[in-house]
Amino acid sequence: MSVENGAKLFKMRCAQCHVVEKDGGHKTGPNLHGLFGRKTGSAPGFAYTDANKNKGITWNEDTLFEYLLNPKKYIPGTKMVFAGLKKESERKDLIAYLKDATA
């Protein structure tokens with residue numbers, strides 16, 4: 001796993017819709033600060049779909065690994081348009097970056 005590669009992936013694939021900074025506000029997608037240990041659909045001030053609010057899982061390495069493969073399959077009805085990361089190594093790198101950047 002590489003935090004550096006994950007940071008590059010975040011900038012290329014995620015930053016247009018998400019931020020990781022505390023108090024960074026929301027974009028098209030929710031601010032990801034504090035993501036690990038948070039329930040789906042619960043970032044204050046973001047308008048989630050019912051699908052996200054009702055999924056009922058807590059974000060951790062395992063749930064993110066599965067979600068990032070195919071978000072629309074993991075949470076049917078999500079408004080996230082990202083197709084997913086098919087490469088296992090890319091998902092691991094992105095999760096390593098998110099774990100570091102959102103703490």
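# Exercises on a predicted model

Asp23 sits in the loop between H1 and helix H2 (50–55). The model is predicted. Each task below is followed by its solution.

## Exercise 1: a backbone angle in the loop

Find the sign of phi at Asp23, and decide whether Asp23 is buried or exposed.

**Solution.**
- Step 1. Start with the expectation: most residues other than glycine have a negative phi.
- Step 2. Read the angle. Asp23 is not a glycine, yet its phi is positive, about 60°.
- Step 3. Check the surface. The relative accessible area of Asp23 is 75%. The cut-off for exposed is over 50%, so Asp23 is exposed.

## Exercise 2: how H1 meets H5

Describe the packing of helix H1 against helix H5 by axis distance, crossing angle and contact residues.

**Solution.**
- Step 1. Choose the descriptors. Two packed helices are described by the angle between their axes and the distance between the axes.
- Step 2. Apply them. H1 covers residues 3–13 and H5 covers residues 88–101. Their axes come within 7 Å and cross at roughly 95°.
- Step 3. Classify the angle. Roughly perpendicular spans 65 to 115 degrees, so H1 is roughly perpendicular to H5.
- Step 4. List the contact. H1 supplies Val3, Asn5, Gly6, Ala7, Leu9, Phe10 and Arg13. H5 supplies Glu90, Asp93, Leu94, Ala96, Tyr97, Leu98 and Asp100.
- Step 5. Sort by character. The contact of H1 with H5 has eight nonpolar, two polar and four charged residues.

## Exercise 3: the two faces of H1

Which residues of H1 are buried, and which exposed residues does the face turned away from the buried side carry?

**Solution.**
- Step 1. Pick out the buried set: Gly6, Ala7, Leu9 and Phe10 in H1.
- Step 2. Test the geometry. These residues cover an arc of only 165° around the axis, so they are on the same side of H1.
- Step 3. Find the cover. H5 is included in what covers the buried residues of H1.
- Step 4. Turn the helix over. The face away from the buried side carries the exposed residues Glu4, Lys8, Lys11 and Met12.
- Step 5. Look from the H5 side. Ala96 is found in helix H5 and counts as buried at 15% relative accessibility. Beyond its neighbours within four places in sequence, Ala96 is in contact with Met1 and Val3.

## Exercise 4: H3, its buried side and its cap

Identify the buried residues of helix H3 and the residue that caps its N-terminal end.

**Solution.**
- Step 1. H3 spans residues 61–69, and its buried residues are Thr63, Leu64, Tyr67 and Leu68.
- Step 2. The arc is only 125° around the axis, which places these residues on the same side of H3.
- Step 3. The cover over them includes helix H4 (71–74) and H5.
- Step 4. Asn60 is the cap. One of its side-chain oxygens lies 2.8 Å from the backbone nitrogen of Asp62.
- Step 5. Asn60 has a second link to the helix region: its backbone nitrogen lies 2.8 Å from a polar atom of the Thr63 side chain.
- Step 6. Thr63 has a relative accessible area of 12% and is buried. Setting aside residues up to four places away in sequence, Thr63 touches Ile57, Thr58 and Tyr74.

## Exercise 5: two buried loop residues

Are Ile75 and His18 buried or exposed, and what do they touch?

**Solution.**
- Step 1. Place Ile75: the loop between H4 and H5.
- Step 2. Its relative accessible area is 1%. Buried means under 20%, so Ile75 is buried.
- Step 3. Ile75 and Asn52 are 23 residues apart along the chain, with C-alpha atoms separated by 6.6 Å.
- Step 4. Not counting residues up to four places away in sequence, Ile75 touches Thr40, Ala51, Asn52, Lys55, Trp59 and Tyr67.
- Step 5. Place His18: the loop between H1 and H2. His18 is buried, at 13% relative accessible area.
- Step 6. A polar atom of the His18 side chain lies 2.8 Å from the backbone oxygen of Pro30.
- Step 7. With the same sequence exclusion, His18 touches Phe10, Lys27, Gly29, Pro30, Leu32 and Met80.

Note on methods:
Residues numbered from 1 in each chain as written. Predicted model: local features only at pLDDT ≥ 70, side-chain atom pairs only at ≥ 80, totals over all residues. Heavy atoms only, no water. Axes fitted to C-alpha atoms, helices over the stretch in contact; angles between N-to-C directions. Helix = DSSP H or I, 4+ residues; strand = E, 2+ residues; numbered from the N terminus. Parallel < 35°, antiparallel > 145°, perpendicular 65-115°, else oblique. Contact = heavy atoms within 4.5 Å. Nonpolar A, V, L, I, M, F, W, Y, C, P; charged D, E, K, R; others polar. Buried < 20%, exposed > 50% of the residue type's maximum accessible area, 1.4 Å probe, protein only. Arc of directions from axis to C-beta. Polar contact = N/O pair within 3.5 Å; in protein donor to acceptor, adjacent residues only side chain to side chain.
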